[in-house]
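Please open the model in your viewer and keep the selection tool at hand. The tour below goes from stop to stop, saying what to select and what is found there.

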Amino acid sequence: MNDKLFNRDFSLVVIGQIISLFGNSILRFALPLYLLKETGSASLFGIVTACSFIPMILLSPAGGIVADRVNKRNIMVILDYATSALILLFTAVLGHVSLVLLLIVTLMALYGIQGAYQPAVQASLPALLTPERLLSGNAVINQVNALANLIGPVAGGALYGFYGIRPILYVSIGCFLFSATMELFIHIPFKKPQKGNSVFSIVKQDLQESFHFIRTEQPVIGKGILIVCAFNLFLSALLIVGLPVIITQILHLSSQLYGYAQGALALGGLLGGILTGIFAKRLNIQNVHLLLLSSAAALLPIGIVLNLDLAPIAAYTVITICSFFMMACSTIFTVQMLSFVQTQTPGHLIGKVISCIMALSMCSQPLGQAVYGFLFDILENQPYLMIYGACLICCLISWESRKIFQTIPKAAPAAE
């Protein structure tokens with residue numbers, strides 16, 4: 001294995017991620033916004049975005065199982081080509097079928113593909129990088145994700161604001177086609193497992209093995225998942241539903257400004273990834289609860305500016321800055337936890353365990369999105385009430401989580 005961080009194959013993975021995630025980012029920005037603009041219903045927006053997450057939750061474990069048994073390069077290539085075909089079909093039927101039904105089906109398919117795609121990327125890193133480079137490699141992948149999510153909403157907001165939805169669809173199709181073609185040249189070491197039981201038996205056995213590892217051999221991972229679930233329920237779901245509703249419906253600002261706010265979220269993630277890479281040797285996983293506490297506390301200024309009924313652009317500025325800060329803290333937390341899981345998980349389980357963690361940690365988010373959609377309709381004139389409540393709950397969860405993370409040994413040995 002090449003000891004360099006940016007060896008040929010890892011560099012190709014990074015470039016492919018940049019292009020593919022950019023296409024994904026502009027779609028995830030534009031399609032829900034298109035629905036909100038066309039219907040004006042926060043409840044419908046929350047329900048549709050909640051439905052879109054369900055296939056990702058269900059397919060992430062399957063993606064991990066496939067990632068451990070199939071060449072990971074082939075998974076990336078096939079799914080990128082499939083995504084380009086999906087958006088091409090969406091473009092062809094747009095305007096000829098029910099918009100709500102079309103968006104539900106398309107978003108569910110997009111998130112389902114993403115759920116199967118990401119475990120392959122994460123599981124490929126230990127095969128491409130030495131253990132010493134793994135934390136830095138994870139930081140790079142998170143930076144790439146943040147960079148794509150930075151450029152995507154900004155570009156998507158401009159394109160959507162001036163030209164509508166169709167140019168975004170054409171750009172995303174090109175991104176997925178280009179990424180898939182380039183990924184054909186990646187070489188990821190792969191040893192085909194021996195044939196044995198039926199597919200159903202393999203899936204059942206692999207899931208049981210993954211859950212046993214999380215629950216019994218590394219219980220701190222299972223407890224950490226519960227903490228992340230709570231944050232996804234009360235904070236992540238609030239941001240996903242709240243940002244577009246607050247900016248475009250409550251503050252009555254443009255889709256371009258919403259795109260900049262989404263870009264600020266991604267910029268925060270990019271900064272968090274950079275800081276993780278720079279301070280990798282100084283970060284202490286026992287103190288990650290402070291990152292969660294900081295993210296939760298950043299909700300308070302958002303509630304205050306909405307409560308004070310400030311000028312829309314002033315409230316928007318505070319909301320954007322707080323979103324940036326929350327994303328930076330959460331990214332540092334995510335990279336540290338992911339690297340911990342990768343170093344403590346045996347090689348043959350990495351894909352399955354990571355995909356199970358992704359699925360379990362996201363299972364509460366659709367519920368939160370649906371509930372927040374209704375709450376924003378009910379509390380249209382008092383949105384600060386739900387933000388204060390989410391802030392208080394998340395601060396309490398963060399403080400209690402210190403009891404879990406401080407049980408992690410300071411120098412836990414890597415799994416064989």
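**Stop one: alanine 42 and its surroundings**

Begin by selecting alanine 42, which lies in helix 2, the helix made of residues 42-69. Bear in mind throughout that this is a predicted model. Because its relative accessibility is 4%, and under 20% counts as buried, alanine 42 is classed as buried. If you now show the residues around it, leaving out those up to four places away in sequence, you will find that alanine 42 touches Leu36, Val245, Gly373, Phe376 and Asp377. Add alanine 370 to the selection as well: 328 residues separate it from alanine 42 along the chain, yet their C-alpha atoms are separated by 9.3 Å.

**Stop two: helix 1 and helix 8**

Next, select helix 1 (residues 8-39) together with helix 8 (residues 219-250), whose axes come within 11 Å and cross at roughly 40°. The two helices are therefore oblique to each other, and helix 1 passes helix 8 in a right-handed crossing. To see the contact itself, display the side chains of Leu33, Leu36 and Lys37 on helix 1, and those of Pro244, Val245, Thr248 and Gln249 on helix 8. By class, the residues of this contact comprise four nonpolar, two polar and one charged.

**Stop three: helix 3 and helix 4**

Move on to helix 3, residues 72-93, and place a distance between its end C-alpha atoms: they are 32 Å apart, which agrees with the 32 Å that its 22 residues should span at 1.5 Å a residue. After helix 3 comes glycine 95, whose phi is positive, near 95°.

Now add helix 4 (residues 99-128), and you will see that the axes of helix 3 and helix 4 come within 9 Å and cross at roughly 165°. Since angles over 145 degrees count as roughly antiparallel, that is how helix 3 and helix 4 are described, and helix 3 passes helix 4 in a left-handed crossing. Among the residues that make the contact are Leu79, Leu86 and Phe90 of helix 3, and Leu103, Leu110 and Tyr117 of helix 4. The contact of helix 3 with helix 4 has 17 nonpolar, three polar and two charged residues.

**Stop four: serine 401**

Finally, select serine 401, which is found in helix 15 (residues 384-405). Is serine 401 buried or exposed? With a relative accessibility of 0%, serine 401 counts as buried. Apart from neighbours within four places in sequence, serine 401 is in contact with Ile227, His289 and Leu292.

Definitions and conventions
Residues are numbered from 1 along each chain as its sequence is written. This is a predicted model: local features need pLDDT of at least 70, side-chain atom pairs count only at pLDDT 80 or more; totals for chains, interfaces and linings use all residues. Side-chain values use heavy atoms; hydrogens and water are left out. Helices (H or I, at least four residues) and strands (E, at least two) are DSSP runs, numbered from the N terminus. The expected span of a helix is 1.5 Å times one less than its number of residues. Axes are lines fitted to C-alpha atoms, for helices over the stretch in contact, and angles run from 0 to 180 degrees between N-to-C directions. Angles under 35 degrees count as roughly parallel, over 145 as roughly antiparallel, 65 to 115 as roughly perpendicular and the rest as oblique. A crossing is left-handed if the near helix is turned anticlockwise from the far one by less than a right angle, and right-handed if clockwise. Contact means heavy atoms within 4.5 Å. Ala, Val, Leu, Ile, Met, Phe, Trp, Tyr, Cys and Pro count as nonpolar, Asp, Glu, Lys and Arg as charged, and the others, Gly among them, as polar. Buried means under 20% relative accessible area, exposed over 50%, partly exposed in between (1.4 Å probe, protein chains only).
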